[in-house]
Amino acid sequence: MNKVCVIGAGSTRYGKLSEGVVELAVNASREAIKSAGIEARDVQYAFISNVFGVADRQVHLAPVIMSDLGIANVPGLTVESACGSGSIAFREAYANVAAGFYDVVLVVGVEKVTHTGTARSTTLFSYCSDFFYEGGNGVSFPGLFASMARAYMHKYDASEEDLALVAVKNHEHGLLNPKAHIRKRITVGDVLESPPVASPLKLLDCCPFSDGASAVILASEEYAKSHHLEYVEVIGSGRGASPATLQDREDITTIPSTRAAAQQAFKQAKIEPKDVDFAEVHDCFTIAEIVDIEDLGFFPKGKGVEAVRQGITKLGGDLPINPSGGLKSKGHPIGATGVGQVVEVYEQLLGRAGERQVKGAEIALTHNFGATGASCAVHIFRRP
Ligand SMILES: CC(C)(COP(=O)(O)OP(=O)(O)OC[C@H]1O[C@@H](n2cnc3c(N)ncnc32)[C@H](O)[C@@H]1OP(=O)(O)O)[C@@H](O)C(=O)NCCC(=O)NCCS
């Protein structure tokens, strides 16, 4: 297997944006190509991560994006795996470069939904659940994660205030990220007093609907070295899967796909969770971040909440989680999210993260899942 690295990264702002799905993807791709110090014509293949191109009247995205980049001869493929599409597209690109099929691959994640409004977006997103059992019976994602929150609070020592601490932290981080969707300082009181969405989750426990695009360029280490490019190594890659519905899971305070993907990634990287300097994890709702940091092996089951209370997961703490602001504050344009996490890791490990820089970071992890964790990918990166 060839060693694989990330040689460039770029991202649009996340938020309610006026650009269309193609323009967003092209802008992020151009930035990634420029940051890599290569030309568009050096790209040999592309993975496009997208779920709702149809909402902006454009599917079959690869030929359209490649044509706009001036490389219409470059083949590409759209990857759809709900909110986990970005990391799963990244994983496919990783596998292609590791296997030696290509030396330089573009991964661009993009989503454009806010123009449809909250009601329509909620319906569209419910198609990512098992629609027969969940979405079709009126259970949207806030409702599914509310069930997980209730189960967690029943089983472990956790309160609505504890969940709120996750939102307060990620909003603090997002304030330092000029590309974040919601840049607003909030307090625990603000979260507790915000309108209920699906009890116990309130407005400020939820990620927003966002538009945006993020792109990265993967290359074989040999290519990066022979072209004297700056890069970040990919040292572990794992995939996992869980039953599609919550009702088919034995325990809804844990996500089996996260555990499986993390175990594979750590095994390949030959490191342990304690070796990680910071992580970008899938905090679509506050409860998700707490479950994630336990399932990833950073904290024992039921103890993630204590780590949040002690400030361990804040910037400046022992294990900063979501220095970008996470899905909660940076935003969640679902096709872009998993790729955007890699953009953050690339910038952090090369010391380019500005005010939110994790000092001395050498090893970082990304974790991104689809729906309630039915699909998941975990990646581990190292500064060479
Ligand atoms: C939480 C939610 C219901 C809010 O929708 P809404 O009530 O229609 O919100 P609006 O878009 O009208 O925004 C109202 C205000 O709240 C803010 N806001 C919206 N969502 C927010 C969020 N998640 N966090 C913080 N602020 C938010 C908006 O910026 C706006 O502020 P302003 O009035 O100062 O401009 C919606 O964002 C949601 O369902 N989020 C979850 C998305 C999801 O399920 N993703 C998949 C995860 S698996």
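1. A cavity is a set of grid points, on a 1 Å grid over the protein atoms alone, where a 1.4 Å probe fits but cannot get out. The model discussed here is predicted. By this rule there is 1 cavity of 30 Å³ or more, and the largest cavity has a volume of about 50 Å³.

2. Which residues line the largest cavity? They are Tyr14, Glu280, Ser324, Gly326, Leu327, Lys330, Gly331, Thr337 and Gln341. Divided by class, this lining holds 5 polar, 2 charged and 2 nonpolar residues. Two helices, helix 12 (326-329) and helix 13 (334-349), each contribute at least two residues to it.

3. The largest pocket is a separate item for the note. Its space comes to about 640 Å³, and the ligand takes up the space of this pocket. The lining of the largest pocket counts 29 residues. Those nearest the centre of the pocket are Thr118, Cys206, Cys207, Pro208 and Phe209.

4. As to composition, the lining of the largest pocket has 16 nonpolar, 10 polar and 3 charged residues. Helix 4 and helix 5 each give at least two residues to this lining. The largest share is that of helix 4, with 5 residues.

5. The ligand has 16 residues around it. Thr118, Cys206, Cys207, Pro208 and Lys328 are the ones that come nearest. By class, the shell around the ligand is made up of 13 nonpolar, 2 charged and 1 polar residues.

6. Polar contacts to the ligand can be listed by residue. An oxygen atom of the ligand is 2.6 Å from a polar side-chain atom of Thr118. At Cys206 the partner is a polar backbone atom, which lies 2.6 Å from a nitrogen atom of the ligand. At Lys328 an N or O atom of the side chain is 2.9 Å from a nitrogen atom of the ligand. These three pairs count as polar contacts because the cut-off for a pair of N or O atoms is within 3.5 Å.

7. How much of the ligand does the protein bury? Taken alone, the ligand exposes 920 Å², and the protein buries 65% of that area. The elements giving two or more residues to the shell around the ligand are helix 4 (117-126) and helix 5 (141-155).

8. Two backbone features deserve a look. Most peptide bonds are trans, and most residues other than glycine have a negative phi. The peptide bond from Ser199 to Pro200, however, is cis, with omega near 10°. Pro200 is placed in the loop between strand 5 (196-198) and strand 6 (201-202).

9. The second backbone feature concerns His60. Phi of His60 is near 50°, a positive value in a residue other than glycine. His60 is found in the loop that runs between strand 2 (45-49) and helix 2 (61-68).

Definitions and conventions:
Residues are numbered from 1 along each chain as its sequence is written. This is a predicted model: local features need pLDDT of at least 70, side-chain atom pairs count only at pLDDT 80 or more; totals for chains, interfaces and linings use all residues. Side-chain values use heavy atoms; hydrogens and water are left out. A residue is near a molecule or strand if one of its heavy atoms lies within 4 Å of it. A polar contact is a pair of N or O atoms within 3.5 Å; within protein, one must be able to donate a hydrogen and the other to accept it, and residues adjacent in sequence count only if both atoms are side-chain atoms. Accessible areas come from the Shrake-Rupley method with a 1.4 Å probe; for residues, only the protein chains shown count as cover. On a 1 Å grid over the protein atoms alone, a cavity is a set of points where a 1.4 Å probe fits but cannot get out, and a pocket is an open set with protein on both sides within 12 Å along at least five of seven lines; lining residues have an atom within 4 Å of a point. A molecule sits in a cavity or pocket if more than half of its atoms lie within 2 Å of its grid points. Helices (H or I, at least four residues) and strands (E, at least two) are DSSP runs, numbered from the N terminus. Ala, Val, Leu, Ile, Met, Phe, Trp, Tyr, Cys and Pro count as nonpolar, Asp, Glu, Lys and Arg as charged, and the others, Gly among them, as polar. Grid points are joined across faces, edges and corners, and a volume is the space filled by probe spheres set on the points.
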